[in-house]
Amino acid sequence: MKYYNLKDNQEKVDFKTATIKGQGKDKGLFFPENIPQFEKDFISNLQQYSDQEIAYRCMRDFVGDEIPAEVLHDIVSETVSFDIPLKKISDSISVVELFHGPTLAFKDIGARFMSRCLSYFLKDNGKKVTVLVATSGDTGGAVAHGFYDLPGIDVVILYPKNRVSPVQEKQLTALGKNIYALELNGTFDDCQSLVKQAFSDEEINNRLFLTSANSINIARWLPQQIYYLLALKQWQVYEREAPVICVPSGNFGNICAGLLAHFRGLPAGHFIAACNANDIVPEYLKTNNLIPQKAIATLSNAMDVGDPSNFVRILELFGHQFNALQHKISGYSIDDQKTMNTIREVYEKYKYILDPHASVAFASMEQYLKENPGRKGFILGTAHPVKFPDAVENAIQTEIDIPEVLEDLMKKEKKTVEINSDFEELRRFLLHKK
């Protein structure tokens, strides 16, 4: 499998190179040269396969022979080594819980897969690698945990000051060792912009072996297809119709992975991009005008993105045909008041606790089902509610139990370096780590 640069399709690389480089020339994202199809019998009979085998079959065509089959089996087995259950909330809406991994967020899956691929590719390299990543919340913790204490790898995480939850901040700042957290005076878009500048900076790239662990990296993006298959495996036990799939969307890597799986043969009645007040894509779906905006801070902070990087991959999937894209995807924008109301109402009616991101998805799904009666589907539960205690506990008027995995972490000291939205400050840190 080859991957081409969406900004320069003459640049084509293999999976290993795309994983290590992160992005191509002119900050272009890599995209698979062809879309491998799932076998129909495989999709129709998912119950016959283990989760590990499903994950392996999902990823093998994208990796090719660059990782031996037995090693790839081990990598995907470790990637999905925790529960990913599909649970019914109401008669028409279910949730696939993606927060049972080590950092209680869906990013664990992509981060675990990428860290293990990168470790395999670099095991005989002898060079130290710097993984540079921007986070609006959960990516940082998942990447920090996935790469923690791995030999030959430093991780530098940029996150917007005062715009991540206390649990999210501890997960990306308390580990130390090879994990460096930069607290930026600005927005996630500012963090992402600085990361992209670093990848284009000649001096930094001459002196450092730099790669990314954001969903712009194919090794982070592609494995997110796996949990759509695992959700479908459970969905098929009690439903015949293809599900409507609603995805909390910020940087659009997650829904893009689901759409890629759909293009490969995964049944889906429709996709919903559930957004908060950052409504760039819902507006695009109405007007055919994609206009980046400055990010707005909301309760669902991981979705506070005003210029979603991965949307270009969605456009590529649909051949830049707006009508086809609009037919398959609906977009909704849910404000903070509706987010809080939905958390409270779902808890009172169904005794299920939504985090703010899942609440945005649930409210969007409800709106879509009102407009399209008789359909059913599932939302993606992307983070554990405990990561957003202020909002959730205020909504449900009940204290959330802290999972055991977080108790020790919350007692640890935060270790960060504060910087401004100034590329020279980032450059100095990367070159000197102080």
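Select G28 first, in the loop between α1 and β3 of this predicted model. With a relative accessibility of 0%, G28 falls under the 20% limit and therefore counts as buried. Display the neighbours of G28 next: leaving aside residues up to four places away in sequence, G28 touches N5, K7 and Q23. Then add I216 to the selection. G28 and I216 are separated by 188 residues in sequence, yet their C-alpha atoms are 9.1 Å apart in space.

**The three-stranded sheet**

From G28, proceed to the open sheet of three strands, whose order is β2-β1-β3 and whose pairing is antiparallel. Select β2 (8–14) and β3 (30–32) at the edges: each has a single partner strand, so one side of each is left without a neighbour in the sheet. From one strand to the next, the twist averages 35°.

Now restrict the view to strand β1 (residues 2–5) and β3, which pair in the antiparallel sense over three bridges. Which residue is the bridge partner of N5 in β3? The partner of N5 is F30. N5 has already appeared on this tour, as one of the residues that G28 touches.

**Aromatic pairs**

The model contains 15 aromatic pairs. Select Y3 and F15 to see a tilted one, with 6.3 Å centre to centre and 50° between the planes. This pair links distant parts of the chain, with Y3 in strand β1 and F15 in helix α1 (residues 15–21), 12 residues apart. Are these two residues buried or exposed? Y3 is buried, with a relative accessible area of 0%, and F15 is likewise buried, with a relative accessible area of 0%.

For an edge-to-face pair, select W235 and F378, whose rings are 6.0 Å centre to centre with 65° between the planes. W235 belongs to helix α11 (residues 226–238) and F378 to strand β13 (residues 377–381); the pair links distant parts of the chain, 143 residues apart. Both W235 and F378 are buried.

Return to Y3 and F15 and add Y120 and F121: ring pairs link these four residues into a cluster.

**Helix α4 and what covers it**

Select helix α4 (residues 69–79) and display the side chains of L72, I75, V76 and T79, which are the buried residues of the helix. Around the axis they cover an arc of only 90°, which puts them on the same side of α4. To see what covers these buried residues, show α3 (51–63) and α5 (107–122), which are among the covering elements.

**The five-stranded sheet**

Proceed to the open sheet of five strands, which has the order β9-β6-β7-β8-β14 and parallel pairing. The edge strands are β9 (209–212) and β14 (417–420), each of which pairs on one side only. Here the twist averages 30° from one strand to the next.

Within this sheet, select strand β6 (residues 129–134) together with β9: the two run parallel and are joined by four bridges. The bridge partner of V129 in β9 is F209. Next, add helix α20 (residues 423–432), which packs on the sheet. The helix touches β6, β7 (153–160), β8 (179–185) and β14, and its direction makes about 145° with that of β14.

**A buried asparagine**

Select N254, which lies in helix α12 (residues 253–263). Why does N254 count as buried? Its relative accessibility is 6%, and the limit for a buried residue is under 20%, so N254 meets the criterion. Now display its contacts: apart from residues up to four places away in sequence, N254 touches F106, Q224, Y227, Y228, V247, L380 and T382. Two of the elements shown earlier can be added to this view: Y227 and Y228 fall within the residue range of helix α11, and L380 falls within that of strand β13.

**Charges over rings**

Two selections conclude the tour. In the first, R313 lies over the face of W221, at 4.4 Å from the ring centre. In the second, display K351 and Y347: the charged end of K351 sits over the ring of Y347, 5.0 Å from the ring centre.

Technical notes
Residues numbered from 1 in each chain as written. Predicted model: local features only at pLDDT ≥ 70, side-chain atom pairs only at ≥ 80, totals over all residues. Heavy atoms only, no water. Pairing = 2+ DSSP bridges. Axes fitted to C-alpha atoms, helices over the stretch in contact; angles between N-to-C directions. Buried < 20%, exposed > 50% of the residue type's maximum accessible area, 1.4 Å probe, protein only. Arc of directions from axis to C-beta. Contact = heavy atoms within 4.5 Å. Phe/Tyr/Trp six-rings, centres within 6.5 Å; stacked < 30°, edge-to-face > 60°. Lys NZ or Arg CZ within 6 Å of the ring centre and 35° of its normal.
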